[in-house]
Amino acid sequence: MFNKNQYSSPKRTFFHLLFFLPLLFLVVNSIKVQENEEERSILLKFKIEVGNPSSLKSWHSDKSHHHCNWEGISCDAHRSVTEIYLTSAGMGGEFPISIFNLSKLEILQLHSNYFVGRIPVDIHRIRNLRVLGLGKNQFSGDIPSSIGKLQFLQELNLSQNLFNGSFPCEIGNLSNLEDLNMSKNYFLPSKIPIEFSKLIKLRNFLMSNMSLYGGIPNGIGNFSNLKFLDFQANNLSGKLPENLFLLKDLYRVHFNDNKFSGDLPKETEFSNMDLIDLSNNEFTGSIPEGIGKWKNLKVLWMHGNRLSGKIPVSIALLPKLMNIDLSENNLSGELPQELGLHSELMALDVAKNKLSGKLSNNLCLYGSVISFSISSNKFTGELPETLLNCSLMDISVDNNMLSGEIPASFWSFYLVYVVMSNNLFSGKLPDNLSQLSPGLTILNLENNNFGGSIPTSIGSLKQLKIISLRSNNFHGSIPKIIVNLQQLRILDLSLNNLSGQIPIKIGKWRGLIENSSPGIGNANIQLITKGILIQLQTLYNSSSAIDLSCNSLDGSIPEEISLLKKLSSLNLSHNHFSNKIPENIGNLSALESLDFSSNRLSGHIPQSLATIDSLGVLNLSYNNLSGRIPVQNHFDTLSLDGSAFIGNDLLCGFPTKKLCEGDGKTSAGDANPAIEVGKVDQEDAKEELLLYAIVALGFAVGFWGLFFSLLLNKQNWWFPYWKFVDSIVVRMTDYIQNN
């Protein structure tokens with residue numbers, strides 16, 4: 001029988017849907033509105049927890065402005081907060097635990113703020129996190145093991161904090177982790193956990209400056225996605241895993257400043273390698289030929305190891321190589337002639353090796369070299385012509401056997417550091433030096449065969465801080481315009497044939513008055529200070545000296561030299577200076593070494609000189625000085641043997657043996673009464689001791705001689721003698737008691 005209800009049910013269902021769908025929408029929307037209100041409240045609480053910074057001024061309770069549009073907040077399609085990105089926002093305080101209630105949060109980036117304290121142990125409550133960035137804050141303590149429960153985490157950055165506890169091996173459980181950075185913290189010394197070998201998805205692995213020790217787990221060599229590996233500045237040791245050098249995607253490696261040792265792996269597949277830094281370790285053996293396969297290599301740093309043998313020619317064939325530092329090794333042989341021929345080389349440093357031979361003309365074929373250092377080797381011949389036409393900023397070729405003249409084309413507009421000492425170079429400096437190299441800061445040409453006069457244009461080099469022309473053949477006078485060098489800290493013109501006078505306005509050198517400029521590395525100059533020839537590698541803030549010794553300079557020592565209050569060493573010895581020592585020489589309050597010896601100085605020694613407490617070495621010998629030597633506690637100890645004053649026949653007083661006028665008939669030692677009294681007491685004591693000895697000897701001979709005589713004639717004399725002695729003793733006793 002036909003049933004009408006069968007045909008009416010779909011119609012009835014349709015009407016039901018029309019009724020319930022709006023109701024369902026209202027319910028869902030109501031829930032969503034409630035969730036949004038909760039998130040808004042959570043974020044406002046977060047704002048208070050982090051110190052209510054001005055960067056969050058857009059965060060307010062006005063509901064007309066949805067929180068998804070607030071600064072640093074991102075939401076998904078359902079308008080739920082999924083990202084908080086607030087770097088360098090001026091926030092502080094402890095970790096804001098209110099965000100634990102943001103259930104959809106996936107990215108928390110709070111880099112470069114001022115958060116302190118510990119990371120909460122229940123950090124895993126933000127269970128959907130994919131990115132956790134807490135770098136560059138001030139978090140401390142341990143990293144909680146619960147961080148290993150964030151199963152979706154792909155990026156973890158805890159670098160540059162104050163963590164001073166331990167980090168958990170449970171980080172190895174983060175199977176989806178791609179970027180891990182815990183560098184630059186103060187963790188307790190620890191090995192790299194073997195559990196980290198499970199992080200096979202890692203692309204960036206950074207654990208520098210973390211007090212790590214031990215070796216690198218072999219499992220890291222299986223990270224096929226690895227691109228950036230940084231373990232620098234730790235105490236890691238042992239050999240490098242050979243499979244590590246087979247990772248084709250690895251493009252940047254920092255293993256520098258550790259204690260790695262052994263030979264470098266011969267088999268390499270670093271086809272994408274851009275920069276590798278293996279410097280300051282204990283690697284031995286030769287440089288692998290396989291480096292020639294690294295066709296994308298731009299930077300190769302292996303300095304400060306024990307590598308030996310020749311530099312492989314394959315390195316010189318790399319098409320993108322720009323920066324090579326192989327200094328401080330035991331490398332020998334010649335530089336490959338192809339070096340600089342196949343790439344635009346910008347920096348080359350092979351200093352402190354055992355390399356020899358002549359330099360290739362290809363070194364600066366493309367004119368791109370800006371830094372060139374071959375110091376402390378055995379190179380010979382002249383500088384290559386192509387190098388002379390480079391845009392050099394820094395050149396260090398000292399301590400070789402290089403020769404020839406330096407043409408004017410060498411002095412490029414960009415030159416800053418020039419260190420060419422201890423070679424066989426000759427020729428003259430160009431007259432227009434200041435126009436050719438106006439930015440010159442260090443000019444070190446010491447111990448060569450340069451000649452001619454010092455160009456007057458040198459006084460126009462406004463940035464010059466070090467001039468060392470010692471031990472050459474320069475002649476003529478010191479240019480007066482040299483007093484315009486406001487930044488000058490070290491002037492060494494010793495051991496030349498200079499004549500004339502010191503420029504009067506020498507006191508204008510601000511660098512020796514205020515001395516506020518920072519130190520300079522790679523100075524590499526020889527300097528006589530405190531009477532000792534030293535090698536100064538770095539110019540520190542306190543380093544300052546003037547050395548004009550061993551020339552033929554004459555005239556007076558300028559009074560203005562006393563204005564150089566930060567000067568630490570002054571050497572004017574072996575010249576022909578005359579007249580008096582400046583009275584206000586004591587104003588050189590930082591002076592540690594003073595040598596005026598072997599001149600023709602006259603007059604007295606200024607009393608102010610004795611007030612320089614920092615003075616450690618003094619030499620005024622072989623002059624025509626006269627009068628009493630100043631007396632001061634510290635000054636008296638500078639030359640106890642008198643060598644600092646020898647050759648000045650008219651000087652008197654301590655430590656010489658000459659009397660000064662007005663000292664009377666006392667000895668010259670009266671200049672130091674304490675010493676003289678001691679000598680007199682010693683002489684009196686000797687005379688008194690001699691007198692006692694003579695009396696004792698006489699008594700012994702007389703007494704015992706008489707005693708034995710009486711003993712032999714005992715019967716006649718024995719009893720009368722002792723009776724007489726007894727009477728004498730009784731009389732003496734009575735006298736003592738009465739008086």
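Which residue forms a disulfide with C652? In this predicted model, the residue is C660, and the sulfur atoms of C652 and C660 are 1.9 Å apart. The legends below treat this bond, the other disulfides, a nonpolar core and a serine in a loop.

**Figure 1. The disulfide between C652 and C660.** The torsion about the S-S bond of C652 and C660 is about 110°, so this disulfide is right-handed. C652 counts as buried, at 9% relative accessibility. C660 is likewise buried, with a relative accessibility of 6%. C652 also falls within β48 (650-652), the strand that follows the loop holding S639.

**Figure 2. The disulfide between C68 and C75.** In this pair the S to S distance is 2.0 Å. The torsion about the S-S bond is about -100°, and the disulfide is therefore left-handed. The two cysteines fall into separate classes of exposure: C68 is buried, with a relative accessible area of 12%, whereas C75 is partly exposed, with a relative accessible area of 24%. The limit that separates these classes is 20% relative accessible area, under which a residue counts as buried.

**Figure 3. The disulfide between C364 and C390.** The sulfur atoms of C364 and C390 are placed 1.3 Å apart in the model. This pair links distant parts of the chain, its cysteines being 26 residues apart. C364 lies in the loop between β25 (354-357) and β26 (371-373), while C390 lies in the loop between α3 (385-388) and β28 (394-396). C364 is buried, with a relative accessible area of 4%, and C390 is also buried, with a relative accessibility of 4%.

**Figure 4. Cysteines and their pairing along the chain.** A disulfide is a covalent bond between the sulfur atoms of two cysteines. The structure holds 3 such bonds. When the bonded cysteines are numbered in sequence order, the pairing reads 1-2, 3-4, 5-6. The view also includes C169, which is partly exposed, with a relative accessible area of 31%. C550 is shown as well; at 30% relative accessibility, C550 counts as partly exposed.

**Figure 5. The largest nonpolar core and the surroundings of I84.** The largest nonpolar core has 170 residues. The residues with the most contacts inside this core are I84, M182, F205 and F372. Elements that give two or more residues to the core are α1 (5-49), β2 (81-85), α2 (313-316) and α3. The largest share, 3 residues, comes from α1. Apart from neighbours within four places in sequence, I84 is in contact with L43, G72 and I73. The contacts of I84 also include I99, L102, L105, I107 and L108, together with Q109 and L110.

**Figure 6. S639 in the loop between β47 and β48.** S639 is located in the loop that runs between β47 (624-628) and β48 (650-652). S639 is buried, with a relative accessible area of 5%. The side chain of S639 reaches the backbone nitrogen of A644 at a distance of 3.0 Å. When neighbours within four places in sequence are left aside, S639 is in contact with A644, F645 and P655. A644 thus appears twice in this view: as the partner that the S639 side chain reaches through its backbone nitrogen, and as one of the residues in contact with S639.

Note on methods. Residues numbered from 1 in each chain as written. Predicted model: local features only at pLDDT ≥ 70, side-chain atom pairs only at ≥ 80, totals over all residues. Heavy atoms only, no water. Disulfide = S-S within 2.5 Å. Buried < 20%, exposed > 50% of the residue type's maximum accessible area, 1.4 Å probe, protein only. Helix = DSSP H or I, 4+ residues; strand = E, 2+ residues; numbered from the N terminus. Core = buried A, V, L, I, M, F, W, Y, C linked by side-chain atoms within 4.5 Å. Contact = heavy atoms within 4.5 Å. Polar contact = N/O pair within 3.5 Å; in protein donor to acceptor, adjacent residues only side chain to side chain.
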